[in-house]
Amino acid sequence: MSAKAKSKIEAKELLIEIEAFEQSYHIADHRAEIGRVDDEAIIDIHGAIVRAGDHDQDSKVERAEVSLVCSEQYHSDPDQSEPQQPMLMTASVRKGVFQALAYLPPAPFWALPEMIASGRVTHVVAGYRTAPRKDSMLHALYFASHTNIDGSAWAHQGERSRS
């Protein structure tokens with residue numbers, strides 16, 4: 001296989017300024033069918049892309065939607081319960097919108113809404129990997145304040161546009 005034919009995986013980062021977020025919660029009783037109750041809580045973060053790490057390819061990305069999920073399974077037999085593990089899932093860019101999905105453990109998940117509402121968290125740095133003709137994979141989320149972002153490497157990459 002020639003070097004040109006090999007898939008090149010690229011690491012990318014986006015700096016997202018949080019503009020709004022929404023929360024939802026769902027619980028379903030499946031004890032009759034599969035012997036458990038499942039729940040799922042979702043935080044949908046909506047924001048503007050402040051900076052893309054790769055200006056040439058990601059310059060058309062203007063908006064971001066990051067869905068954070070926390071789910072639990074409740075069994076009548078406590079020995080069947082499994083600890084929930086965080087999972088960074090997918091990332092994609094479609095029609096100028098970056099979309100990402102991640103499952104978080106309960107403690108940070110339930111702490112984030114208050115951190116965002118209070119202004120202690122104002123930005124998200126999303127790291128993801130792309131490969132030609134494959135889905136992108138989310139590999140890092142960093143929730144930070146405006147102050148932390150200004151002191152980071154992002155602040156030293158030239159002028160940042162602000163609305």
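# Exercises on a predicted chain

Buried residues account for 36% of the chain's 163 residues; buried means under 20% relative accessible area, exposed over 50%, and partly exposed in between, with a 1.4 Å probe and protein chains only. The model is predicted: local features need pLDDT of at least 70, side-chain atom pairs count only at pLDDT 80 or more, and totals for chains, interfaces and linings use all residues. Residues are numbered from 1 along each chain as its sequence is written, and side-chain values use heavy atoms, with hydrogens and water left out.

## Exercise 1: The fold in outline

Task: State how many helices and strands the chain has, and give their pattern along the sequence.

Solution:
- Step one, the terms. Helices (H or I, at least four residues) and strands (E, at least two) are DSSP runs, numbered from the N terminus.
- Step two, the count. The chain has 4 helices and 7 strands.
- Step three, the order. Along the sequence the pattern reads β-α-β-α-β-β-β-α-β-β-α.
- Step four, the contacts. A contact means heavy atoms within 4.5 Å. Take the contacts between residues at least 6 apart in sequence: 65% of them join residues at least 24 apart.
- Step five, the surface. The chain exposes about 10,100 Å², and carbon and sulfur atoms supply 51% of it. These areas come from the Shrake-Rupley method with a 1.4 Å probe; for residues, only the protein chains shown count as cover.

## Exercise 2: The nonpolar cores

Task: Find the largest nonpolar core and the elements that give it two or more residues.

Solution:
- Step one, the rule. A nonpolar core is a set of buried Ala, Val, Leu, Ile, Met, Phe, Trp, Tyr and Cys residues joined through side-chain atoms within 4.5 Å.
- Step two, the size. The largest core holds 27 residues, and Ile16, Leu68, Phe98 and Leu138 have the most contacts inside it.
- Step three, the contributors. Two or more residues come from each of strand E1 (10-29), strand E2 (36-52), strand E3 (63-75), strand E5 (97-103), helix H3 (106-118), strand E6 (123-130) and strand E7 (136-144). E2 gives the largest share, 5 residues.
- Step four, one hub. Beyond its neighbours within four places in sequence, Leu138 contacts residues including Leu88, Met89, Phe98, Ala126 and Tyr128.
- Step five, the other core. Apart from the largest core lies another of 5 residues, among them Val50, Val125, Ala144 and Ile149.

## Exercise 3: Aromatic pairs

Task: Count the aromatic pairs and classify the pair Phe98 and Tyr128.

Solution:
- Step one, the rule. Rings of Phe, Tyr and Trp (its six-membered ring) pair if their centres lie within 6.5 Å; planes under 30 degrees apart count as stacked, over 60 as edge-to-face and the rest as tilted.
- Step two, the count. There are 2 aromatic pairs.
- Step three, the geometry. The ring centres of Phe98 and Tyr128 are 5.0 Å apart and their planes stand at 40°, so this pair is tilted.
- Step four, the link. Phe98 is in strand E5 and Tyr128 in strand E6, so the pair ties together parts 30 residues apart in sequence.
- Step five, burial. Phe98 is buried at 0% relative accessibility. Tyr128 is buried at 1%.
- Step six, the other pair. Phe109 and Trp110 have ring centres 4.9 Å apart and planes at 85°, so they are edge-to-face. Phe109 is buried, at 1% relative accessibility.

## Exercise 4: Trp110 at the surface

Task: Is Trp110 buried, partly exposed or exposed?

Solution:
- Step one, the place. Trp110 sits in helix H3.
- Step two, the class. Its relative accessibility is 48%, so Trp110 is partly exposed.
- Step three, the patch. Patches are made of residues with over 30% relative accessible area and no salt bridge: like charges are joined within 9 Å, nonpolar side chains (Val, Leu, Ile, Met, Phe, Trp, Tyr) within 5 Å. Trp110 forms a nonpolar surface patch with Tyr25 and Ile27, and together they have about 360 Å² of accessible area.

## Exercise 5: Salt bridges

Task: Which residue forms a salt bridge with Arg63?

Solution:
- Step one, the rule. A salt bridge is a side-chain nitrogen of Lys or Arg within 4 Å of a carboxyl oxygen of Asp or Glu.
- Step two, the partner. Arg63 bridges to Glu19, with the closest N and O atoms 2.6 Å apart.
- Step three, the link. Arg63 is in strand E3 and Glu19 in strand E1, so the pair ties together parts 44 residues apart in sequence.
- Step four, exposure. Arg63 is partly exposed at 35% relative accessibility, and Glu19 is partly exposed at 46%.
- Step five, the total. The structure holds 2 salt bridges. Glu114 and Arg120 also form one, with the closest N and O atoms 2.9 Å apart.
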